[in-house]
Amino acid sequence: MADDILPLSSAFKDATEAEWLAAVEKALKGKGIDTITRVTADGLKVHPLYRESDFPSATDPLGTPGAAPYLRGPTAAPDAWLPWDIRQAFTHPDPATTNAEILRDLERGVSSVELTLDPAGENGVQILSLADLQATLAGVDASIATIALDPVDEPGFVAAGLVATWAEDAADPAALKLAFNLDPLGALARTGTLAASLDDTFAALADTLARLAPFTGASLMRIDARMVHEAGGSDAQELGALIASAVDTLRRLPDADLTALAPRIGFTLALDANYGLGVAKLRAARRLWARCLELLDVTPVPMRIQATTSARMLTRYDAWTNMLRCTTAAFAGAIGGADIVTVRPFNSALGVPEELGRRIARNTQIIAMEESQLGRVADPAGGAWFTETFAEDLAKAAWEEFQNIEREGGYATSLLSGAFQDRVITVRDARAKDIAKRKVPITGVTEYPTLDAIDAPISDAATPRPAPAAPAPALTCTPLAPVHLAAPFESLRDTAAAAKKAPTIFLATLGPVAEHSARADFARNLFAAGGLAAKEPPVAPKTASELASAFKASGCHIVVLCGSDTRYPDEAEAAATALKAAGARHVWLAGKFEAPGIDSNIFMGCDVLHTLKLAHAELGLSQ
């Protein structure tokens, strides 16, 4: 009977894999399918085709959802009403404004609150006293909605103490849904400082955990590796740091009951717009943690994962495209089985998000959950040959990174020596070179930039109050400082936007439209990535002299020749000579043809960032 239902393939002839591969090779003009294999920042290959034999699950079973060691998620059936926790982060510096935002968002579908806390008020809510905390959380019922802490500049001891004091009068402290998220090593990696020695810091952690004993339903510790991702690190480096931080933290709590503590630890990872790798990252994390618990002789417990959409992928220009990036990352979190998902507002790279940014962030998840029904099935990616194979490859690469960190003395020691940061910097710099050459494109910035885009709104954040002076740190290291992938190009856009006169480049087109349009579009797109508009001749020039006259009339100072490879040998040199005589400071040619008078070339794979900096210099634009 099942064979008779919807026979969609009945009109198509059966094809063998060999025939399919032959068709692919024909489309690739004989290059073969391996030529479209991609390589990640970790050196892992992403093949265009995966087979059942690539991941023999029959000989390497992963179990079932809800069963130990929980490689396929914590439950056999997702919660019908809330398959994952919709957690919104709040960053406005003013406690009263943040309170209004929290109450509004909780009424509109957010299920938990994450307070980004910053005593300086520059990157989060400025809570300097118990009164500030009370103002921030007025009307919030912590027995219904989880209140999670995300301190910016400390391990969380101060914030946890304030919340514990705020909650100590509760009728039933055990019923409160709190996530204290204590994370000393995460603070060290993020800020590069600790106020006390490692021994004293972990003694304070033990004391704080003891103080939080009445809150038996709370999550106590967080192992956060987002700063590795945000600093430009690879997926394997982020996962390796996650596990190394967890192991080093537990190792420095010798008197802790690991069996009791393990279920009360949360893990946080970043997800970018590559949803396939994002799903594999979450699956790899569960494999790694299960292995650690096995080695620590701790009873298997589900790994509680919070997935946060990446900050480094967000752009300031064409910020509306960030909605698509965050939606894709949220999809990966849902399909990958994250227990908690936090979507950054699309306008967060511009400043403090306002209502539109937060509304889109929460509705992205609500639509995924309620309309797309992404939480209906437990482990929907389970058994997918690419997902399982790549998750295994990624877990092995992350385990190698973890072993490197362990050989360096553990996560804290590796951070203090700078060894781990050096490896992250190597990956970051390699990616930056690929972005400069547009091998890694950034839509709206390096590809398809819009020079007259509508600006996204941001909040009018209040001026922070004076913050108390921070004590001198006892430990310092190089912090894993965040980067924005689009920053070098956006800096050029800022410079161009600040110019008194809109900077332009002249497109010197050769031949009919059919010959030059493709390269003219290529050049227009390339120079727009640096904030430079393009001008073309109003009438197609027929001679080099006419081209030079059109250039002079345009008021431009730099020019790019655009034509066909067949036309360049006959016309490019004469055109370049005439343009130089007309005052062109620099002549580019779209393509690889070289001749006297042509100063530089632009083509697929060229260093676009260098080209744009050169163009800015020729125009006298300063950063």
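## The largest pocket

The largest pocket has a volume of about 1,000 Å³. This value, like the others in this report, comes from a predicted model. The pocket is lined by 38 residues, and those closest to its centre are T116, N123, V152, A311 and R344.

Several secondary structure elements give two or more residues to this lining: the strands β3 (85–90), β4 (112–117) and β5 (146–151), and the helices α5 (184–191) and α7 (226–230). The largest share comes from α7, which gives three residues. By class, the lining of the largest pocket holds 15 nonpolar, eleven polar and twelve charged residues.

## Enclosed cavities

Rolling a probe the size of a water molecule over the atoms shows where empty space is left. Across the whole structure, three cavities of 30 Å³ or more are found.

The largest cavity has a volume of about 60 Å³. Its lining is made up of D150, P151, E154, P155, N181, D183, R190, R222 and D224. Strands β5 and β8 (219–224) each supply at least two of the lining residues. Six residues of this lining are charged, two are nonpolar and one is polar. Strand β5 thus appears in two places, since β5 also gives two or more residues to the lining of the largest pocket.

The second largest cavity contains about 40 Å³ of space. The residues around the second largest cavity are N322, M323, C326, V343, R344, P345, F346, I360, A361 and T364. Helices α11 (322–335) and α12 each supply at least two of them. Here the lining has seven nonpolar residues, two polar and one charged. R344, listed in this lining, is also among the residues closest to the centre of the largest pocket.

## Packing of α2 and α12

Two packed helices are described by the angle between their axes and the distance between the axes. For α2 (residues 95–107) and α12 (residues 355–371), the angle is about 35 degrees and the axes are 11 Å apart. The crossing of α2 with α12 is right-handed.

On the α2 side, the contact is made by E101, R104 and D105; on the α12 side, by E355, R358 and R362. The contact has six charged residues, with no nonpolar and no polar ones. Helix α12 also supplies at least two residues to the lining of the second largest cavity.

## The five-stranded sheet

Five strands form an open sheet with parallel pairing, in the order β14-β13-β15-β16-β17. The edges are β14 (533–535) and β17 (600–602); each has a single partner strand, so one side of each is left without a neighbour in the sheet. From one strand to the next, the twist averages 30 degrees.

At the β14 edge, three bridges join that strand to β13 (residues 504–509), and the two run parallel. One residue pair there is F506, whose bridge partner in β14 is K535.

## Helices on the sheet

Helix α19 (residues 568–581) packs on the sheet and touches β13, β15 (558–562) and β16 (586–590). The direction of α19 makes about 170 degrees with that of β15.

Helix α20 (residues 608–618) lies across β15, β16 and β17. Relative to β16, α20 runs at about 150 degrees. Strands β15 and β16 are contacted by α19 and also have α20 lying across them.

Key. Residues are numbered from 1 along each chain as its sequence is written. This is a predicted model: local features need pLDDT of at least 70, side-chain atom pairs count only at pLDDT 80 or more; totals for chains, interfaces and linings use all residues. Side-chain values use heavy atoms; hydrogens and water are left out. Two strands pair if DSSP finds at least two bridges between them. Helices (H or I, at least four residues) and strands (E, at least two) are DSSP runs, numbered from the N terminus. Axes are lines fitted to C-alpha atoms, for helices over the stretch in contact, and angles run from 0 to 180 degrees between N-to-C directions. Contact means heavy atoms within 4.5 Å. On a 1 Å grid over the protein atoms alone, a cavity is a set of points where a 1.4 Å probe fits but cannot get out, and a pocket is an open set with protein on both sides within 12 Å along at least five of seven lines; lining residues have an atom within 4 Å of a point. Grid points are joined across faces, edges and corners, and a volume is the space filled by probe spheres set on the points. Ala, Val, Leu, Ile, Met, Phe, Trp, Tyr, Cys and Pro count as nonpolar, Asp, Glu, Lys and Arg as charged, and the others, Gly among them, as polar. A crossing is left-handed if the near helix is turned anticlockwise from the far one by less than a right angle, and right-handed if clockwise.
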